[in-house]
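Work through the following exercises with the sequence and the model side by side, and try each task before reading its solution.

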Amino acid sequence: MKPPYTTELVTDEQTFAGLAPAWGRLYQRCATATPFQSHAWLHSWWLSYGRRGRLRLLVVRDGVELVAVAPLMAVHRPVPALVPLGGAISDYGDVLVDDEHTERAVAALTEGLAAAARTALIDFREVRPGGAVEQVYERWCGPRRQVGDSVCLELPAVPMDELVARLPSAKAQRVRAKLRKLTALGVQRQAVRPDGVDAALHRLLELHRLQWQGRKVTGEHLRPRFCEHLVRSVGPMVRSGDAVVTEFRLDDDVVAVDLTLLSRRLAGGYLYGAHPRLRERKADVAVMLLDACAEHTRDGGRATLSLLRGNEPYKHHWRPEPVVNQRLLLARRRTAPLLSAVVYDVAARRRGKELLRRWEQRKERDGGGGT
């Protein structure tokens, strides 16, 4: 009979850093993992965004080898809860479970989370359908709820010409014309070598700031802590094959930089920066970026080209499939009131958004007047 797995709640930052090699091996053995569960991404995020005393890593070991990890942190507002590391800048939250030890590893992980849930709600945000934590949810014996979270738009992982062929004839012709325009302009793209990634990311963020100048932009992307996180995390991810940074040149100048994240099952364009000069030259930046991203799905065995979170209208031009991330809430009997409070808050916020949407529609119908 095999000895039982050992479970430990890690709260020390140095221990977190030291888990990198074993974490990396576990990451490779978890088919559902996304780059947002890699050690490079989460440890860097913690260094930029974590708060002292809040780290809660639940690790499960078979001897010295990791077979499961739940990367969490403690929060106190709006309710006491354990939430995934990665925060709002991560598109997917999940746990890691060794594919060869699934049943026993999930059982040990669930037991460890149940112990943690005696004093706090377990709140897994942005779980992609099919995520490993769904197995924990199925095993959970206490109160639990599943509610929809953000929408991600996904395309099949096929070459660009096949993505274009999925469009109606008139749209497909326009996209082909835009691709020919990029070629005529002489736009060249090249993947950045690992030793050039840091400089390329600084260029990406500067171009990102420039392209959004005078318009509404995600403020976090302009903050020094985000820059530090991105530069610190992406270099190791490029070296391990979990990310690729692409530069686009026009007349020998870098006019755009794109960051695409890669996992066994998907490729996803995370962030880019493009000089306004491209649009002035009538180059379609969205077509240019998707063409580059589709290239990363050719040989990796990936099934999905993800446009990641966000339901922006321009993404719908490609006829993607909307996939709703899930929010999995786990509680014990004594923490069940916390679960109820969160579910009520989610419902109230959705109702508020629906009322706001109806008000805006009525305002448009009335010509912008009235109250």
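**Exercise 1. Find the loop that holds Pro78, and describe the peptide bond that leads into this residue.**

Solution. This is a predicted model, and in it Pro78 is found in the loop between strand β3, residues 65-75, and strand β4, residues 81-84. Turning to the backbone, the bond that joins Arg77 and Pro78 is a cis peptide bond, with an omega of about 0°.

**Exercise 2. Decide whether Ala74 is buried or exposed, and list its contacts beyond the neighbours within four places in sequence.**

Solution. Begin with the position: Ala74 has its place in strand β3. Next, take the relative accessibility of Ala74, which is 7%, and compare it with the cut-off for buried residues, which is under 20%; Ala74 therefore counts as buried. Then set aside the neighbours within four places in sequence, and the residues in contact with Ala74 are Arg54, Arg56, Ala81 and Leu82. Finally, consider Ser48, which is 26 residues from Ala74 in sequence, while the two C-alpha atoms are 16 Å apart in space.

**Exercise 3. Examine the phi angles of Glu126 and Asp251, and say where each residue lies.**

Solution. For Glu126, phi is near 55°, a positive value in a residue other than glycine. Glu126 is found in strand β6, which covers residues 121-127, and with a relative accessibility of 7% it counts as buried. For Asp251, phi is likewise positive and near 55°, again in a residue other than glycine. Asp251, however, lies in the loop between β9, residues 243-250, and β10, residues 253-262, and its relative accessible area of 47% makes it partly exposed.

**Exercise 4. Judge whether the protein as a whole is as compact as a globular protein of its length, and describe its contacts, surface and charges.**

Solution. Start from the elements: the protein has 12 helices and 13 strands. Its radius of gyration is 22 Å, close to the 21 Å that the globule rule gives for 371 residues, so the protein is as compact as a globular protein of that length. Along the principal axes, its C-alpha atoms fill a box of roughly 65 × 60 × 40 Å. Of the 371 residues, 50% are buried, and among contacts with a separation of 6 or more, 74% come from residues 24 or more positions apart. The protein exposes about 18,700 Å², of which carbon and sulfur atoms supply 50%. As a last step, take the 58 positive and 43 negative charges, whose mean positions are 6 Å apart.

Conventions
Residues are numbered from 1 along each chain as its sequence is written. This is a predicted model: local features need pLDDT of at least 70, side-chain atom pairs count only at pLDDT 80 or more; totals for chains, interfaces and linings use all residues. Side-chain values use heavy atoms; hydrogens and water are left out. Helices (H or I, at least four residues) and strands (E, at least two) are DSSP runs, numbered from the N terminus. The radius of gyration is taken over C-alpha atoms; the globule rule is 2.2 Å times the number of residues to the power 0.38. Buried means under 20% relative accessible area, exposed over 50%, partly exposed in between (1.4 Å probe, protein chains only). Contact means heavy atoms within 4.5 Å. Accessible areas come from the Shrake-Rupley method with a 1.4 Å probe; for residues, only the protein chains shown count as cover. Lys and Arg count as positive and Asp and Glu as negative; His and the chain ends are not counted. The place of a charge is taken as NZ of Lys, CZ of Arg, CG of Asp or CD of Glu.
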